[in-house]
Amino acid sequence: MDTDTLSPSALNWRREKVFLLLTGFFLCAMTLLNVIGITRFIELGPLALAIGVLPYPLTFLCTDIVSEIYGKQRANFMVTVGLVMNGFVIGTLWLASSLPSVAPDSLPPWQVLNLSQDVILPSGEVISGSVELFQLIFACTSGAVFASMLAYLAAQYCDVQLFHFWKRVTKGKHLWLRNNFSTLISQGVDSFMVISVTFGAAFIAGAITLNQLLVLMGSNYLFKMTVALLDTLPFYLAVHYLRQYLRVADEIPL
């Protein structure tokens with residue numbers, strides 16, 4: 001138990017530092033999803049996952065901690081900042097794609113890839129011959145970033161609303177229930193939307209089968225569901241410690 005005497009300004013600074021740290025982890029995990037996205041798929045047991053999914057469940061843990069400690073308004077603010085950052089990422093990718101490349105004889109050797117066979121992009125477009133490295137990355141990530149932005153918008157706000165809904169229903173009791181129920185439902189929304197939007201065009205073009213689409217959706221959700229259930233204990237510990245460290249009463253949002 002932290003028993004040091006703190007002035008109101010020192011206590012406020014302590015609370016703001018913790019909020020900044022949680023927001024930093026939230027934005028970092030979200031940005032990693034956008035940057036590495038679907039650039040590689042891995043197998044975790046029976047699950048097939050895009051590597052961008054690995055840090056993403058952390059965003060829901062951060063959202064729930066902020067919801068519990070700082071209140072609904074702060075949690076919605078953090079989600080809104082994340083939405084703005086998503087827009088910034090998309091804008092930067094679009095700008096970089098729109099600007100002209102340097103002359104071919106000035107390009108570094110790794111800048112242009114010679115393709116041995118046609119490649120079908122997530123958008124359904126087929127490229128052949130050669131392609132600039134960035135244009136290939138942009139084609140593979142821009143759709144995923146847009147998809148994650150839509151899924152993020154629905155899932156994160158859904159998580160905050162459901163968290164406080166369950167808190168009202170349980171009259172502030174059963175912390176595990178609002179943590180898990182809000183996250184499991186919102187991550188189901190996220191998994192369905194992000195896979196549908198990212199690979200929808202490729203599915204229509206016949207580049208990916210319905211079975212592959214369902215495997216990706218199921219793997220996405222099962223991974224997030226497993227992490228959500230496993231983070232219950234860390235969530236309890238974090239809330240217990242932070243309530244004392246930040247000197248926050250159970251029902252007093254900052």
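**Notes on the predicted model: cores, helices and salt bridges**

1. Starting with the inside: the largest nonpolar core holds 23 residues, and the ones with the most contacts within it are I65, V66, I69, Y70, F235 and L246. At least two residues of this core come from each of helix 1 (8-36), helix 2, helix 3, helix 4 (133-169) and helix 7. Another core, of 16 residues, lies apart from it, and A50, I195, M217 and F223 are among its members. As background, nonpolar side chains in soluble globular proteins tend to be buried together. Keep in mind that this is a predicted model.

2. Now the overall layout. The protein chain has seven helices and six strands. In sequence order the pattern reads α-β-β-α-α-β-β-β-β-α-α-α-α. There are 254 residues in the protein chain, and 43% of them count as buried. If you take contacts between residues at least 6 apart in sequence, 72% join residues at least 24 apart. The accessible surface of the protein chain is about 13400 Å², with 70% of that belonging to carbon and sulfur atoms.

3. Helix 2 (residues 57-70) deserves a point to itself. Of its 14 residues, 13 are buried, so helix 2 is largely enclosed by the rest of the structure. The geometry checks out too: at 1.5 Å a residue the helix should span 20 Å, and its end C-alpha atoms are 20 Å apart, which agrees. Just after helix 2 comes G71, which takes a positive phi of about 100 degrees.

4. Is S67, a residue of helix 2, buried or exposed? S67 counts as buried because its relative accessibility is 1%, and the cut-off for buried is under 20%. Not counting residues up to four places away in sequence, S67 touches K72, A75, V160, F163 and H164. The C-alpha atoms of S67 and N179 are 9.9 Å apart in space, although the two residues are 112 apart in sequence.

5. Which residues does F235 contact, leaving aside its neighbours within four places in sequence? They are L61, D64, I65, E68, F163, L175 and N179. Two of those names come back with D231, which is in contact with L61 and N179 once neighbours within four places are left aside. D231 is placed in the loop between helix 6 (210-230) and helix 7. Despite the charged side chain, D231 counts as buried because its relative accessibility is 9%, with under 20% as the limit.

6. Helix 3 (residues 72-98) has 27 residues and reaches 39 Å from its first C-alpha to its last, close to the 39 Å expected at 1.5 Å a residue. Its buried residues are R74, A75, N76, M78, V79, G82, N86, V89, L93 and S97. Note R74 in that list, since it returns in the next point.

7. On to the charged pairs. Side chains of opposite charge can pair when their charged atoms come close. How many salt bridges does the count give? It comes to two. In one of them R74 pairs with E16, and the closest N and O atoms are 2.8 Å apart. R74 lies in helix 3 and E16 in helix 1, so this salt bridge ties together parts that are 58 residues apart in sequence. E16 counts as partly exposed, at 27% relative accessibility.

8. R243 and E68 meet through their side chains in a salt bridge with an N to O distance of 2.3 Å. This pair links distant parts of the chain, as R243 is in helix 7 and E68 in helix 2, 175 residues apart. Both R243 and E68 are buried. E68 also appears among the contacts of F235.

9. Last, the surface. W176, F181, L233, Y236 and L237 make a nonpolar surface patch of about 490 Å². Helix 5 (175-204) and helix 7 (232-245) are the elements that give two or more residues to the patch, and helix 7 gives the most, with three residues. F181 sits in helix 5 and is partly exposed, with a relative accessible area of 34%. Why can F181 belong to the patch? Patch residues need over 30% relative accessible area, and F181, at 34%, is therefore over that cut-off.

Notes. Residues numbered from 1 in each chain as written. Predicted model: local features only at pLDDT ≥ 70, side-chain atom pairs only at ≥ 80, totals over all residues. Heavy atoms only, no water. Patch = residues over 30% accessible without salt bridge, like charges linked within 9 Å, V, L, I, M, F, W, Y side chains within 5 Å. Areas by Shrake-Rupley, 256 points an atom, 1.4 Å probe, with all protein chains shown as cover. Salt bridge = Lys/Arg side-chain N within 4 Å of Asp/Glu carboxyl O. Helix = DSSP H or I, 4+ residues; strand = E, 2+ residues; numbered from the N terminus. Buried < 20%, exposed > 50% of the residue type's maximum accessible area, 1.4 Å probe, protein only. Expected span 1.5 Å × (residues − 1). Core = buried A, V, L, I, M, F, W, Y, C linked by side-chain atoms within 4.5 Å. Contact = heavy atoms within 4.5 Å.
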